[in-house]
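Here are a few exercises to work through with the model open beside you. Try each task before reading its solution.

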Amino acid sequence: MKRHILSLNACITVLILGSLLPLNAQDLTITNARIVVANGTVIERGYIVVRAGKIVSTTAGAPAATPGVTTVDAKGMTAMPGFIDAHRHFNTGPNEKAQMQAFLEAGYTTLLSGGGPAEGNITLRDRIDKGQINGPRIIPSGSMTRLPMSTPEIARAEIRKMAELGVKFTGEIALTPVPGPTVKDLEILTAIVDEAKKVGVIVQVHAVSTKAMIAAVDAGVPLLVHLPNKDFMSKDDAKKLAASGTKVLGTVGFGTPVFGVFADDNLARFRDGRPWPDSIVDGVRLGEEAGYMAVTARTAWDAGAILGYCTDTTYDPLAGLDHELKTINPMFSMKDIIKMMGPNTASYIQMGDQLGTLEPGKIADIILLDGNPLEGYWNMLKTKVVVKGGAVVVDKR
């Protein structure tokens, strides 16, 4: 399969409810499906009724015939919520049509930009919303000047600019990880958090050490795009994270090597295609990050923190999904992974009331998998049908 390398640029805008649903949303019924509702309920054989882009019912058994309604016979496949990547780097560009199609075919129905110029992702979002290209729901974010290069006044102005563009999320704002955030880091971050509250922008911070994470929590940051990968999180710090209500993304696969994506030479590579572990960003070049993140993810989870899913990658969507899932797999049950990828990630992107489970009233973002995800993560790599907002956008049966 051809690997599509995505642009490092990325940014996005939050969508009003009307624009969340495709123009060609259908009335349809999905029958003969194992339904993983993602709220803890599994229906071994049932059907899902979709009307006007929303889920009306998720029910065991077989439906009565309804004239004029499209029926998708799952033939025993598994229905579950469409995947959400809450931190992925992409942007508009010459390869956007193939890139966005690859996301859909991997099972992704919603993407929150990881950063970069907001205007490019607004363009991409609009092209998808207008039906010019097929793609997931795009939520733009706006890049921020790195804190050491900024001032509180400049940072506040950038936040106001995002709000004027309709962008509701900052891109990742980096805090100095080692030895920890500087006085200037915290001065500017305080200004960002304050201004963002005034204009309705949600702040996301890149805190990759425990010191940086706790500093962000203390500053009132609501979203963290990474777990610490420079050290192990203590149980006490995990409890503080959970008690604060700050939500965090796993990015558990950050430090583990990638094989067979950039070349088929069986050499370990970092996720940008360069040698592993030498090219790990901001690392000690020995690969400890691979161990820190997996253990820290479990520590945060057990403390009750809201831990969501993302890949923070730029390469092929299916390969990125495979890599992240196989890295999470040793530390989490499949039930936990489904909760992490569904309701937890929907909550992180501020859409927990609209996405993340197959419950009545939710937007009909549904994928059909040729396998049971509760038996193993590899079955989450077998998407055959994708319904986005009630419209069938991929059918590989």
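**Exercise 1. Which residues are buried in H8?**

First, some ground rules: this is a predicted model, in which local features need pLDDT of at least 70, side-chain atom pairs count only at pLDDT 80 or more, and totals for chains, interfaces and linings use all residues. Residues are numbered from 1 along each chain as its sequence is written, and side-chain values use heavy atoms, with hydrogens and water left out.

Step 1. Buried means under 20% relative accessible area, exposed over 50%, and partly exposed in between (1.4 Å probe, protein chains only). Helices (H or I, at least four residues) and strands (E, at least two) are DSSP runs, numbered from the N terminus.

Step 2. In H8, the buried set is Glu-289, Met-293, Ala-294, Thr-296, Ala-297, Thr-299, Ala-300 and Trp-301.

Step 3. Those residues pack against helix H7 (235–244), strand S13 (307–308) and helix H10 (334–348). Contact here means heavy atoms within 4.5 Å.

Step 4. Now check the length of H8. The expected span of a helix is 1.5 Å times one less than its number of residues. For the 14 residues of H8 (residues 289–302) that should give 20 Å, and the end C-alpha atoms are indeed 20 Å apart, so the two agree.

Step 5. Just after H8, look at Gly-304: its phi is positive, about 95°.

**Exercise 2. Work out the surroundings of His-226.**

Step 1. Find His-226 in the loop between strand S11 (223–224) and H7.

Step 2. Buried or exposed? With a relative accessible area of 1%, His-226 is buried.

Step 3. Look for polar contacts (pairs of N or O atoms within 3.5 Å; within protein, one must be able to donate a hydrogen and the other to accept it, and residues adjacent in sequence count only if both atoms are side-chain atoms). The His-226 side chain makes one with the side chain of Thr-251 at 3.4 Å and one with the side chain of Asp-312 at 3.3 Å.

Step 4. Leave aside neighbours within four places in sequence, and the contacts of His-226 include His-87, Glu-172, His-206 and Val-248.

**Exercise 3. Do the same for Gln-350.**

Step 1. Gln-350 sits in the loop between H10 and strand S14 (366–369).

Step 2. Its relative accessibility is 40%, so Gln-350 counts as partly exposed.

Step 3. A polar atom of the Gln-350 side chain lies 2.9 Å from the backbone oxygen of Tyr-348.

Step 4. Beyond four places in sequence, Gln-350 is in contact with Phe-169, Ile-202, Leu-223 and Lys-247. Take Ile-202: it is 148 residues away in sequence, yet 9.4 Å away in space, C-alpha to C-alpha.

**Exercise 4. Trace the strand pairings.**

Step 1. Two strands pair if DSSP finds at least two bridges between them. Walk across the open sheet of 5 strands in the order S9-S10-S11-S12-S13, with parallel pairing. At its edges are strand S9 (169–174) and S13, each pairing on one side only.

Step 2. Strand S10 (residues 202–206) and S11 run parallel, joined by 2 bridges, and Gln-204 has Leu-223 in S11 as its bridge partner.

Step 3. Now move to strand S5 (residues 78–81). S5 runs parallel to strand S1 (residues 28–36), with 2 bridges, while S5 and S14 pair in the antiparallel sense over 4 bridges.

Step 4. Finish on Thr-78: this residue is the bridge partner of Arg-34 and stands opposite Leu-369 in S14.
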